[in-house]
Amino acid sequence: MKSVRQAILILSVVLASCSSVRNTTVNTQGMDAYPAYIAKYSDMAVDQMKSYGIPASITLAQGLLESDAGRSSLAVKCNNHFGIKCHSDWTGRKMYHDDDARQECFRCYRDAAESYRDHSLFLVKGSRYQSLFKLDPTDYKGWARGLKAAGYATSPTYADKLIELIERYGLDRYDSKNSVHLKPGQLPHQPLLVNGQRCVRLREGETLKDIAREYSMQFVMLRRFNEVDRKFAPPAGSLVFLERKKSRADREHRTYIVKKDDSLWSVSQQFGIRMKPLVKRNGLSDEHPLTVGMTLSLR
């Protein structure tokens, strides 16, 4: 009997010591929800990868981890899949939730698609994440470690958890979709934000059709976004917009002095403004054309 009691005591000590060790692996309880989440949001992650250059594997892994596969209170009540807090620039709906501190402010979204896009914009616009966009688009380990180093999350095992999820579910297979429509040896474009709109810079030897093919867009829509006809071939270095330009520039660009070789089209591309509002705002016409030295109002 004494030996039995000793065995029970030893086992209790072992179990207690194990429970005090910090868990550094992903919680596997309810893992059936994980494949369902991946199936539901993988296309959304791939779309964000094509638009902003963030590996789909990273977006999916962060979504799984931050939202507990869509089951967290933030995801259910606010469609917030990435744990993004309000910060000073958020003007949308909010939810207060205990996190690193009590009752912190988190962003609320209309749907998951808005959350996924805001996550991309949060990384693209964040100065501390800019080094990540210099990595190879398939380097999910570099991205995971870079996110941790940049302070996306406070957990010391954040990068390890992301990598574990990616490798457990083979999420890196979605990263290859970024190059489905590329020519052999061609690297994907790094999307830019100009006046809040997505665009890429045209390379030497490329055409608008190449851009449309890479981003699985209709050629006619790409021409419409960039206000060009079928015969016009933008020169290398031109910005090519992947969505409709705005009617005015951002607050940082109120006016512009026309330089030699500028055209109405080149100015509109440079600042992401549609030509018609630009013409109307500045009273341009055949009688009052664009001239060198003219100060254009951009807003």
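## Leu-242 and its surroundings in a predicted model

Leu-242 has 3% relative accessibility, so it counts as buried, since the cut-off is under 20%. The model is predicted. Leu-242 sits in the loop that links β5 to β6 (255-257). What does Leu-242 touch, not counting residues up to four places away in sequence? Its partners are Arg-198, Cys-199, Val-200, Ile-211, Tyr-215, Met-217, Leu-222 and Phe-225. Take Phe-225, which is 17 residues from Leu-242 along the chain. The C-alpha atoms of Leu-242 and Phe-225 are separated by 6.8 Å.

### The sheet

Three strands form an open sheet, in the order β3-β4-β5. Their pairing is antiparallel. Which strands lie at the edges? They are β3 (192-194) and β5 (239-241), and each pairs on one side only. On average, neighbouring strands of this sheet are turned by 50° against each other, direction ignored. Strand β4 (residues 197-201) is joined to β5 by three bridges. Cys-199 stands opposite Phe-241 in β5. A helix also packs on the sheet: α10 (residues 264-271) touches β3 and β5. The direction of α10 makes about 70° with that of β5. Strands in a sheet pair through backbone hydrogen bonds, in a parallel or antiparallel way.

### The nonpolar cores

The largest nonpolar core has 47 residues. Which of them touch the most other members? They are Leu-123, Tyr-152 and Leu-171. Several helices each supply at least two residues of this core: α2 (33-52), α3 (56-67), α5 (112-125), α6 (140-149) and α7 (158-169). With nine residues, α2 gives the most.

Another core lies apart from this one. It has 13 residues, among them Val-200, Phe-219, Leu-242 and Met-275. So Leu-242, buried at 3% relative accessibility, appears again here.

Back in the largest core, look at Leu-123. Leaving aside neighbours within four places in sequence, Leu-123 is in contact with Ile-54, Gln-62, Tyr-129, Gln-130, Phe-133, Trp-143, Leu-147 and Tyr-152.

### Two helices compared

Helices α3 and α7 can be set side by side.

| Helix | Residues | End-to-end C-alpha distance | Expected span |
|---|---|---|---|
| α3 | twelve residues | 16 Å | 16 Å |
| α7 | twelve residues | 17 Å | 16 Å |

For α3, the reach is close to the expected value at 1.5 Å a residue. For α7, the end-to-end distance also agrees with the expected span.

Why is α3 described as largely enclosed by the rest of the structure? Ten of its twelve residues are buried. They are Ala-56, Ser-57, Ile-58, Thr-59, Leu-60, Ala-61, Gln-62, Gly-63, Leu-64 and Ser-67. These buried residues pack against α2, α4 (73-78), α5, α6 and α7. After α3 comes Asp-68, with a positive phi near 50°.

Now α7. Its buried residues are Tyr-158, Ala-159, Lys-161, Leu-162, Ile-163, Leu-165, Ile-166 and Tyr-169. What covers them includes α2, α3 and α6. Gly-170 follows α7, and its phi is positive, near 60°. In an α-helix there are 3.6 residues a turn, so residues three or four places apart point the same way.

### Confidence

How confident is the prediction? The protein chain averages a pLDDT of 83. Of the residues, 85% score at least 70. Over residues 1-25, the pLDDT is below 50. Beyond near neighbours in sequence, that stretch has seven contacts in the model.

Methods. Residues numbered from 1 in each chain as written. Predicted model: local features only at pLDDT ≥ 70, side-chain atom pairs only at ≥ 80, totals over all residues. Heavy atoms only, no water. Pairing = 2+ DSSP bridges. Helix = DSSP H or I, 4+ residues; strand = E, 2+ residues; numbered from the N terminus. Axes fitted to C-alpha atoms, helices over the stretch in contact; angles between N-to-C directions. Contact = heavy atoms within 4.5 Å. pLDDT = per-residue confidence, 0-100. Core = buried A, V, L, I, M, F, W, Y, C linked by side-chain atoms within 4.5 Å. Buried < 20%, exposed > 50% of the residue type's maximum accessible area, 1.4 Å probe, protein only. Expected span 1.5 Å × (residues − 1).
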